[in-house]
Amino acid sequence: MSDVRTFKAASMQEALTLVREEMGSEAVILQTRQIPGRKSLLPWSRTQEEFEITAGLGIETRTPAALQNQKRSTSAGSVLRHRASNLQPENRDRETVSQPQKGLREKSPARRETTPRREAAYSQPAEQPRFRQRFEEAAPREVPPPPKHFDPTEEFTEKLNAIQEMLESLDRRTRSHRSTDVPSELFHIYTDLIDAEVDESIAHDLIAKLKEHASPEQLKDSVASKALLAALIESQLDCSVPIRPVPGQRKVVALVGPTGVGKTTTIAKLAANFRLRDNIKMGLVTVDTYRIAAVEQLRTYAEIIDLPMKVVSTPKEMQQALDEMVGLDLVLIDTAGRSPSDDLKIQELESLFCEVPIDEVSLVMSMTSSVKTLEAIAQRFQVARPTSMILTKLDEAPVMGSLLTLSQNVKLPVRYLTTGQDVPDDIEPANAARMARLILGEDQLR
């Protein structure tokens, strides 16, 4: 049975308090309204309005359809709670989510993303201070850079490096521009020269001269072009005549050079050829007292060839040795190898040659070294006043283009070439035509 009552108060809050005090929390609010209050006895006073609430107990406010839905929900909830109580904890979440609910979540990505964000937003105020504190403690603190000290030397070095880079860039552009000037019909010859390690500027000049001197028919014929190119290379190679002893006129020839280039072996080859093939009366002198093996090696060769040999260590001993060989036609002097960077040893060589009469000095260099290294060696041994070059170990050089470059850049004629270790066979007088063919790969070492 329903119980309906009406409550009036000066405010809505006071009226609700009256309803809760008299009818309890189960009371249902049926109507609220604002009504005029009681009139004041004073004529100038305004009438205060009141709030009226009508509430009741035992009144059904839901519709029949809502009641039916509540009944279904209660029944389904009972079934789910019953099933959930029989499942293991790890499987419970999987089973309570039905397939239609999964489909609904998959079709509504916005809803799926909204829930975690809301949860994160609600939990953030509690976690944020601790996270921020941990982050600030773990984050590396930025260390201010030390004040830069001004160093004028460093600034000068940077400027020099910048100038060097600029010059190298200019050189690369110039070389690239020059390579584009090579005619197409001579381009393969140009690349052959570069592959043979002929200096690029020398190769370009050779191509220019070949284009200038060759006829159109020769330019189209690769064999004719190479023959003309070989003649051009031959004309640019500087070779000297080999040693030519004159009977009755003693000639003293010294070999100088850095260590490890084969001076002693070269002297043995020359001595064997002059003595055994040409029957020249000759002797050997060595000042290579730094290496006992070198003395013994030359002594062995002298005994085999049957030559007189002297070992000296001072200019005075050198003069005495030459006086004792006054009746010979040829004297070969073997010197100790000097490092190009050892100024003191090279100066000793200069002093030795100043006090004794030396007719010719040949600078011995190995073709296994780079052109720049050979140029530096020639520059350092200028104090010994060399008159020619002997190039050794051609059999160990991969290509022969450096013969031309070296002949162009070092102003000394080439006297001999050595092509192996065999005494006395692996040595030959320098010949420009053969050297040109070796440079072009048209001839082989014997």
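How are H7 and H8 oriented to each other, roughly parallel or roughly antiparallel? The answer comes from their packing in this predicted model. Helix H7 covers residues 187-195, and helix H8 covers residues 200-213. They pack at an angle of about 150 degrees. Angles over 145 degrees count as roughly antiparallel. H7 and H8 are therefore roughly antiparallel to each other. Their axes lie 9 Å apart. The crossing of H7 and H8 is right-handed.

Which residues make this contact? From H7 come Ile189, Tyr190, Leu193 and Ile194. They meet Glu200, Ala203, His204, Leu206, Ile207 and Leu210 in H8. By type, the residues of this contact divide into 8 nonpolar, 1 polar and 1 charged.

Now step back to the whole protein. The protein has 17 helices and 11 strands. It is 446 residues in length, and 34% of these count as buried. Consider next the contacts with a separation of 6 or more. Residues 24 or more positions apart account for 70% of them.

Helix H10 comes next, at residues 222-236. How far should its 15 residues span? At 1.5 Å a residue, the expected span is 21 Å. The end C-alpha atoms of H10 are 21 Å apart, so the two values agree. Several residues of H10 are buried, namely Ser225, Leu228, Leu229, Ala230, Leu232, Ile233 and Gln236. What covers them? The cover includes H7 and H8, the pair described above. It also includes helix H9 (216-220), helix H16 (401-409) and helix H17 (432-439).

H16 leads to a particular residue, Ser402, which has its place in that helix. Is Ser402 buried or exposed? Its relative accessibility is 6%, so Ser402 counts as buried. Leave aside its neighbours within four places in sequence. Ser402 is then in contact with Ala196, Glu197, Met367 and Val371.

A second serine sits in a loop. Ser240 lies between H10 and strand S4 (251-256). The cut-off for buried is under 20% relative accessible area. Ser240 has 16%, and is therefore buried. Which residues does Ser240 touch? Not counting residues up to four places away in sequence, they are Ser388, Pro413, Val414, Arg415 and Ala430.

Key
Residues are numbered from 1 along each chain as its sequence is written. This is a predicted model: local features need pLDDT of at least 70, side-chain atom pairs count only at pLDDT 80 or more; totals for chains, interfaces and linings use all residues. Side-chain values use heavy atoms; hydrogens and water are left out. Axes are lines fitted to C-alpha atoms, for helices over the stretch in contact, and angles run from 0 to 180 degrees between N-to-C directions. Helices (H or I, at least four residues) and strands (E, at least two) are DSSP runs, numbered from the N terminus. Angles under 35 degrees count as roughly parallel, over 145 as roughly antiparallel, 65 to 115 as roughly perpendicular and the rest as oblique. A crossing is left-handed if the near helix is turned anticlockwise from the far one by less than a right angle, and right-handed if clockwise. Contact means heavy atoms within 4.5 Å. Ala, Val, Leu, Ile, Met, Phe, Trp, Tyr, Cys and Pro count as nonpolar, Asp, Glu, Lys and Arg as charged, and the others, Gly among them, as polar. The expected span of a helix is 1.5 Å times one less than its number of residues. Buried means under 20% relative accessible area, exposed over 50%, partly exposed in between (1.4 Å probe, protein chains only).
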